[in-house]
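Biologist: I would like a close look at a single part of this assembly, taken slowly and with the confidence of the prediction kept in view. Please treat it as one connected account rather than a list.

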Amino acid sequence: MNQKQNFTKGFIKDNAVFVMLLGLCPTLAVTSSAVNGLGMGLATTFVLVMANIVVALVKNLIPEKVRIPSFIVIIASFVTIVDLTMAGFLPSLHEALGIFIPLIVVNCLVLGRAEAFASKNNIVSSIVDGLGMGLGFAFALTLLGAVRELLGAGSVFGLSIPIFPTTEDGAPITMLLFVLAPGAFIALGYLIAIINRFKKS
Amino acid sequence: MEIFAIIISAILVNNIVLMQFLGICPFMGVSKKLSTAVGMTGAVTFVMVLATIVTYLIQVYVLEPFGIGYLQTISFILIIASFVQMVEIVLKKVSPPLYQALGVFLPLITTNCAIMGVALLTIQNDYNLMEGIIYAIGSAIGFGIAITLFAGIREHLDLLDVPKGMRGTPIALVSAGILAMAFMGFAGLV
Amino acid sequence: MAKRESTFINMVVTLFAVTFIASATLGGIYELTKEPIAKAKLEKKLKAIQLVVPEFDNDPNSEMYTIKTENDDMPLEVYPAKKGDKLVGVAVKSYTMKGYSGLIQLMVGFKPDGTINKISVLQHAETPGLGTKMTDASFKDQFYGKNPADFNLEVKKDGGDVDAITAATISSRAFCDAVKRAYDQYMKGGKK
């Protein structure tokens with residue numbers, strides 16, 4: 001496939017979350033707001049692209065049997081770099097994402113792409129694949145985050161969107177469930193159903 | 001925090017899957033049949049408890065004293081990957097049918113965020129070794145309960161007349177959401 | 001494209017090399033980010049203190065002292081805020097374990113005489129929509145400017161002066177417990 005297809009497949013056709021159901025843990029956990037979903041999506045994209053680059057570079061130097069452990073160490077290193085950098089320069093996002101930053105290392109999307117693509121393709125294709133899948137993942141998380149934030153807190157990216165009736169002091173009466181655990185499952189379920197419908201047409 | 005509170009919290013109040021969102025991938029993937037769900041729980045419990053012990057020891061006796069805390073992610077995941085490898089080898093010899101049934105999900109235990117998550121949370125919650133072990137056992141039980149309940153629900157769902165667009169993953173997710181809502185009722189128990 | 005053979009030597013060398021390079025790189029990044037991380041942590045603390053005490057120009061963090069009694073599970077941290085040499089207030093990091101979902105941590109700002117200046121909720125796991133209302137001005141404001149010497153820090157239901165959050169009595173009681181703890185410890189022996 002050409003690079004354009006390579007890039008765009010990550011957004012709808014092979015979307016990591018909606019189609020391949022990879023990386024569901026962070027997807028459900030951090031999308032209580034759009035900005036958190038976006039932040040996690042971009043952090044994961046960074047790890048994905050960097051890991052893809054390194055794996056594509058060294059794929060011929062690594063013996064078959066120690067492939068997976070080596071990939072894991074490479075991925076874990078970039079995760080740690082993201083973790084440290086965020087703690088130092090984006091402390092509030094770091095606190096919001098919490099334990100799910102180190103958990104990027106077990107995001108099946110990242111190891112999956114390294115194994116399925118970067119270890120078998122050249123550097124440029126691997127970069128494009130990483131960018132496409134990563135940004136597609138970010139897109140999914142931001143979308144889910146926006147939906148949950150809108151329904152659960154009446155805002156998107158912190159900007160309040162007045163679609164709910166309000167109490168006397170102006171606070172919107174929202175469907176609180178959506179920023180909580182059950183709401184994540186339910187919102188994602190419906191989003192996938194809608195996207196499937198969209199894909200078919 | 002006393003033992004009882006830790007266990008009840010891990011199993012019910014802060015259920016590892018339904019409230020803390022750890023272990024979703026195997027939760028969705030293995031919960032289609034009751035038998036695989038139970039088998040998976042056994043494997044996860046084994047790896048979770050052992051991994052928590054070893055990662056705790058590494059954290060307290062190696063990472064902290066030498067000031068190399070930033071190697072936490074790498075060392076923890078390598079420990080977990082090694083244990084999963086061990087489980088695979090043992091299972092192949094001891095129970096080939098279970099090994100076959102779990103299939104590709106066995107190596108995927110490595111990427112089970114629940115195991116890495118519990119190891120990290122043990123350190124974060126400042127538990128000592130004993131509390132960490134209890135927490136790991138409690139979390140594994142919580143994982144098992146969630147996945148078994150869900151498998152039962154899914155076996156049922158397969159027999160029902162679900163609207164076409166919702167069939168498969170969407171309805172499973174919505175059901176999981178309702179199950180999570182039920183578990184929310186445990187809040188305030190401890 | 002021929003791959004390296006999976007001989008034992010190759011495997012060991014590769015794993016060792018990968019881990020070594022990774023650790024060395026991370027060590028370098030750690031050194032680079034050590035300061036920004038420490039700075040971010042300090043700023044967060046200072047911001048929390050700034051929110052609850054009157055204007056100050058010292059460094060409360062460097063003058064921090066702790067108080068602990070046998071009944072407490074954790075020590076309380078006291079941050080004196082000064083303007084010039086005069087004490088204008090103290091921020092007390094207090095806690096309670098009696099929240100609906102356990103631990104609640106507050107930063108209570110006192111004027112030197114014990115009057116409550118402002119309160120910030122640092123950490124909690126209370127029920128969203130109910131206990132979480134304790135972070136709203138509509139609940140917190142009733143404490144401001146009151147001196148616990150004549151403002152009874154119990155909910156009205158228990159004979160005190162505090163208006164509890166509707167349907168969140170446990171969270172409200174816990175909040176009061178944390179404020180009371182801060183006040184008692186500060187007044188008893190914490191003043192320096």
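In what order do the five strands of the open sheet in chain C lie, and is their pairing parallel or antiparallel?

Modeller: This is a predicted model, with an ipTM of 0.83 and a pTM of 0.85, and the confidence in the part you ask about can be stated before its geometry. Chain C has a mean pLDDT of 86, with 96% of its residues reaching 70 or more. Among the elements of chain C, the lowest mean pLDDT, 85, belongs to strand S1 (residues 65–67), and the highest, 90, to strand S5 (residues 116–123).

The open sheet of chain C is built from five strands in the order S1-S2-S3-S4-S5, and the pairing is antiparallel. S1 and S5 of chain C are its edge strands, each pairing on one side only. If direction is ignored, neighbouring strands of this sheet are turned against each other by 25 degrees on average.

At one edge, S1(C) is joined by three bridges to strand S2 (residues 76–83) of chain C, and these two strands run antiparallel. Within S2(C), Glu77(C) is the residue that stands opposite Thr66(C).

At the other edge, six bridges link S4(C) with S5(C), again in the antiparallel sense. One of the residue pairs there is Gln105(C) with its bridge partner Gln123(C), which lies in S5(C). S4(C) and S5(C) also form a hairpin, with five residues between the two strands, and in its turn Gly114(C) has a positive phi of about 100 degrees.

The sheet is also to be seen together with a helix of the same chain, since helix H1 (residues 8–52) of chain C lies across S2, strand S3 (86–99), strand S4 (102–110) and S5 of chain C. Relative to S5(C), helix H1(C) runs at about 145 degrees.

To place this beside a packing elsewhere in the model, one may turn to chains A and B, where the axes of helix H8 (residues 181–200) of chain A and helix H8 (residues 169–184) of chain B come within 7 Å and cross at roughly 170 degrees. Because of that crossing angle, H8(A) is roughly antiparallel to H8(B). Among the residues making this contact are Phe185(A) and Ile192(A) of H8(A), and Leu173(B) and Met181(B) of H8(B). The residues of the contact of H8(A) with H8(B) divide into 14 nonpolar, three polar and no charged.

Methods. Residues are numbered from 1 along each chain as its sequence is written. Chains are lettered from A and ligands numbered from 1 in the order in which they are written. This is a predicted model: local features need pLDDT of at least 70, side-chain atom pairs count only at pLDDT 80 or more; totals for chains, interfaces and linings use all residues. Side-chain values use heavy atoms; hydrogens and water are left out. Axes are lines fitted to C-alpha atoms, for helices over the stretch in contact, and angles run from 0 to 180 degrees between N-to-C directions. Helices (H or I, at least four residues) and strands (E, at least two) are DSSP runs, numbered from the N terminus. Angles under 35 degrees count as roughly parallel, over 145 as roughly antiparallel, 65 to 115 as roughly perpendicular and the rest as oblique. Contact means heavy atoms within 4.5 Å. Ala, Val, Leu, Ile, Met, Phe, Trp, Tyr, Cys and Pro count as nonpolar, Asp, Glu, Lys and Arg as charged, and the others, Gly among them, as polar. pLDDT is the predictor's confidence in each residue, from 0 to 100. Two strands pair if DSSP finds at least two bridges between them.
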